[in-house]
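Okay, thanks everyone for coming. Let me put the sequence and the structure up, and then I'll talk you through them.

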Amino acid sequence: MPDAEGGGRNPFLRFLVHFKRCNKEKVCNLRQTQIVLSAGQKWKLMSCEEKSPYVQAARAAKYTFWTRSKDANRILRRLPQTAGGAEPQMQENFKLIGDLASWRRNVLDELLGVQDDGDKE
């Protein structure tokens, strides 16, 4: 059952987990690269109907995007709370907009190499 197995949103990785579990005796003495290559060869030979359970399970997998920035993750966590309430929370939404603008400025400053005093590195 591909639904219960790991692999996230990638259908091939879901198939790879299933492949390893079904072929434990055959793959126990192989290196990981050899296992992945043999699974890849089998994946290429599979029809669309054979791949469909893995594709459907990958599409149904829950996924939450997280960045490396703690501030951006804080904003992403708060977004559904402020947007999905029964009554609009305007004060929270305006704070969220300000946080997003601040985060965008910080990201652009990092990309352009701008330091705090306004000089370039």
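I'll start with the overall layout, then go through the core, two of its helices, and a salt bridge.

So, before anything else: this is a predicted model. The protein chain has 6 helices and 0 strands, so if you read along the sequence, the pattern is just α-α-α-α-α-α. There are 121 residues in the chain, and 23% of them count as buried. As for contacts, take the ones between residues at least 6 apart in sequence: 42% of those join residues at least 24 apart.

Okay, the core. Which residues make up the largest nonpolar core? There are 10 of them: Phe12, Phe15, Leu16, Phe19, Val27, Ile35, Ala39, Trp43, Met46 and Tyr54. Two elements give two or more residues to this core, α1, residues 11-22, and α3, residues 32-45. Of the elements, α1 gives the most, with 4 residues. One core member to click on is Met46: leaving out residues up to four places away in sequence, Met46 touches Phe15, Lys51 and Tyr54.

Let's stay with α1 for a minute. Helix α1 has 12 residues, which at 1.5 Å a residue should span 16 Å, and the end C-alpha atoms are 17 Å apart, so that agrees. At the N-terminal end there's a cap from asparagine 10, with a side-chain oxygen 2.9 Å from the backbone nitrogen of phenylalanine 12. The buried residues of α1 are Phe12, Arg14, Phe15, Leu16 and Phe19. And yes, there's an arginine in that list. What do the buried residues of α1 pack against? That would be α2, residues 24-27, together with α3 and α4, the last of these being residues 48-60.

Now swing round to α3. This one has 14 residues and reaches 20 Å from first C-alpha to last, close to the 20 Å expected. Buried here are Ile35, Ala39, Gly40 and Trp43. Looking down the axis of α3, those buried residues fall within an arc of 135 degrees, so they line one face of the helix. The face turned away from the buried side carries the exposed residues Thr33, Leu37, Gln41, Lys44 and Leu45. Note the two leucines in that exposed set. As for what covers the buried residues of α3, that includes α1, α2 and α4.

Last stop, further along the chain. How many salt bridges does the model have? The count comes to 1. Side chains of opposite charge can pair when their charged atoms come close. Here the partners are arginine 74 and aspartate 99, with the closest N and O atoms 3.3 Å apart. Arginine 74 sits in helix α5, residues 70-83, and aspartate 99 in helix α6, residues 90-112, so the pair links distant parts of the chain, 25 residues apart.

Are these two partners buried or exposed? Arginine 74 has 30% relative accessibility, so it counts as partly exposed. Aspartate 99 is at 13%, so that one is buried.

While you're in α5, have a look at asparagine 73, which is in that helix too. Asparagine 73 has a relative accessible area of 12%, so it counts as buried. Leaving aside neighbours within four places in sequence, asparagine 73 is in contact with Trp66 and Thr67.

That's my tour, so over to you for questions.

Notes: Residues numbered from 1 in each chain as written. Predicted model: local features only at pLDDT ≥ 70, side-chain atom pairs only at ≥ 80, totals over all residues. Heavy atoms only, no water. Core = buried A, V, L, I, M, F, W, Y, C linked by side-chain atoms within 4.5 Å. Buried < 20%, exposed > 50% of the residue type's maximum accessible area, 1.4 Å probe, protein only. Contact = heavy atoms within 4.5 Å. Salt bridge = Lys/Arg side-chain N within 4 Å of Asp/Glu carboxyl O. Expected span 1.5 Å × (residues − 1). Polar contact = N/O pair within 3.5 Å; in protein donor to acceptor, adjacent residues only side chain to side chain. Arc of directions from axis to C-beta.
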